[in-house]
Amino acid sequence: PEHPSTAVTVNNLAQVRHEQGSFAAAESLYRRALATKRRALGDLHPSVTVNMNSLATLLAEDLGRVDEAEALVREALALDRRIFGDRHEDVASTLRNLGLVLRLKGDLDGAVAAYREASAINRAVFGPEHRRVMRTVADLAGALHARGDLDTAIVLYREAIAGYGRGAGARRQYH
């Protein structure tokens, strides 16, 4: 029960329960998996922060507990930065989750800042035509739209649409 592989499987079950709309069960399972991973792997392990992000998303989007979610995702972001540095795809993913939580909280300026940083990291890591770049550009456009910056939102929505239309993010072929 304390093995990291068990925790990964518990986390996967939590994801299924989450998708089924069994939010209380999903929360309990996410927390169990997170506690096991922390004991088995320590906080400075990427699997721990992935689990934290999953739990934070559930808390914010489905349970309306945005303050709790924000604290959790900020902790995950700090850990990701310690693990990977500031310019890594996992940092960008956590920043994207922070943007979501802040947007749900009504902190549109904070959401815009998080999405901008996530987009810049993704551009640096993946190049301008990757699906992760287009996702963060679309997220940024949505936050700017909600904030009332319509002209900039239009430009970014068009960039994302054009990128997706060019097949942004087609799977890389490895040799």
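Reader: In which helix is threonine 36 found, and is threonine 36 buried or exposed?
Author: In this predicted model, threonine 36 is found in helix H2. Its relative accessible area is 5%, and the cut-off for buried is under 20%. Threonine 36 of helix H2 is therefore buried.

Reader: Which residues is threonine 36 in contact with, leaving aside its neighbours within four places in sequence?
Author: Sequence neighbours within four places are set aside here. What remains is a set of contacts with Pro1, Glu2, His3 and Ala7.

Reader: What distance separates the C-alpha atoms of threonine 36 and glutamate 61?
Author: Along the chain, threonine 36 and glutamate 61 are 25 residues apart. In space, their C-alpha atoms are separated by 24 Å.

Reader: Which side chain of opposite charge is nearest to lysine 37, and how many Å away is it?
Author: Lysine 37 also lies in helix H2, which covers residues 23-41. Lysine 37 is buried and has no salt bridge. A salt bridge needs a nitrogen and a carboxyl oxygen within 4 Å. The nearest side chain of opposite charge is aspartate 90, at 11 Å.

Reader: Which residues is lysine 37 in contact with, leaving aside neighbours within four places in sequence?
Author: Contact here means heavy atoms within 4.5 Å. Without those neighbours, the contacts of lysine 37 are Ala7, Val8, Asn11, Gly42, Ser47, Val48 and Asn51.

Reader: How many salt bridges does a search of the whole structure find?
Author: Side chains of opposite charge can pair when their charged atoms come close. One of the pairs in this model is arginine 65 with glutamate 68, at 2.9 Å from N to O. Over the whole structure, the number of salt bridges found is 17.

Reader: Which residues are linked with Arg65 and Glu68 in a network of salt bridges?
Author: Arginine 65 counts as partly exposed at 29% relative accessibility, and glutamate 68 counts as partly exposed at 33%. Both belong to a network of salt bridges. The residues linked with them are Glu27 and Arg31.

Reader: With which residue does aspartate 67 form a salt bridge?
Author: Aspartate 67 is exposed, with a relative accessible area of 52%. The closest N and O atoms of its salt bridge are 3.5 Å apart. The pair links helix H4 to helix H5 across 38 residues. The partner of aspartate 67 is lysine 105.

Reader: Which other parts of the chain does the salt bridge of lysine 105 and glutamate 70 tie together?
Author: The side chains of lysine 105 and glutamate 70 meet at 2.4 Å, N to O. Lysine 105 lies in helix H5 and glutamate 70 in helix H4, so the pair ties together parts 35 residues apart in sequence. Lysine 105 counts as partly exposed at 39% relative accessibility, whereas glutamate 70 counts as buried at 12%. The parts tied together are helix H5 and helix H4.

Reader: Which residues is leucine 77 in contact with, leaving aside neighbours within four places in sequence?
Author: Leucine 77 is placed in helix H4 and is buried, with a relative accessible area of 9%. Its C-alpha atom is 6.4 Å from that of valine 91, at a sequence separation of 14 residues. Outside its sequence neighbours, leucine 77 is in contact with Val91, Thr94, Leu95 and Leu98.

Reader: Which residues touch the most other members of the largest nonpolar core?
Author: The largest nonpolar core has 43 residues. Elements that give two or more residues to this core include helix H1 (4-20), helix H3 (46-62) and helix H8 (150-165). Beyond four places in sequence, methionine 52 touches Leu34, Arg38, Leu72, Glu75, Ala76 and Leu79. The residues touching the most other members are Met52, Leu55, Leu95 and Leu98.

Reader: What is the radius of gyration of the chain?
Author: The secondary structure comes to eight helices and zero strands. For 175 residues the globule rule gives 16 Å, and the chain is close to that, so it is as compact as a globular protein of that length. The C-alpha trace spans about 50 × 45 × 30 Å along its principal axes. The radius of gyration is 17 Å.

Reader: What percentage of the residues of the chain count as buried?
Author: The accessible surface comes to about 8,900 Å², with 53% belonging to carbon and sulfur atoms. A residue counts as buried under 20% relative accessible area. Of the 175 residues, the buried share is 42%.

Conventions:
Residues numbered from 1 in each chain as written. Predicted model: local features only at pLDDT ≥ 70, side-chain atom pairs only at ≥ 80, totals over all residues. Heavy atoms only, no water. Helix = DSSP H or I, 4+ residues; strand = E, 2+ residues; numbered from the N terminus. Buried < 20%, exposed > 50% of the residue type's maximum accessible area, 1.4 Å probe, protein only. Lys, Arg positive; Asp, Glu negative; His and termini not counted. Core = buried A, V, L, I, M, F, W, Y, C linked by side-chain atoms within 4.5 Å. Rg over C-alpha atoms; globule rule 2.2 N^0.38 Å. Areas by Shrake-Rupley, 256 points an atom, 1.4 Å probe, with all protein chains shown as cover.
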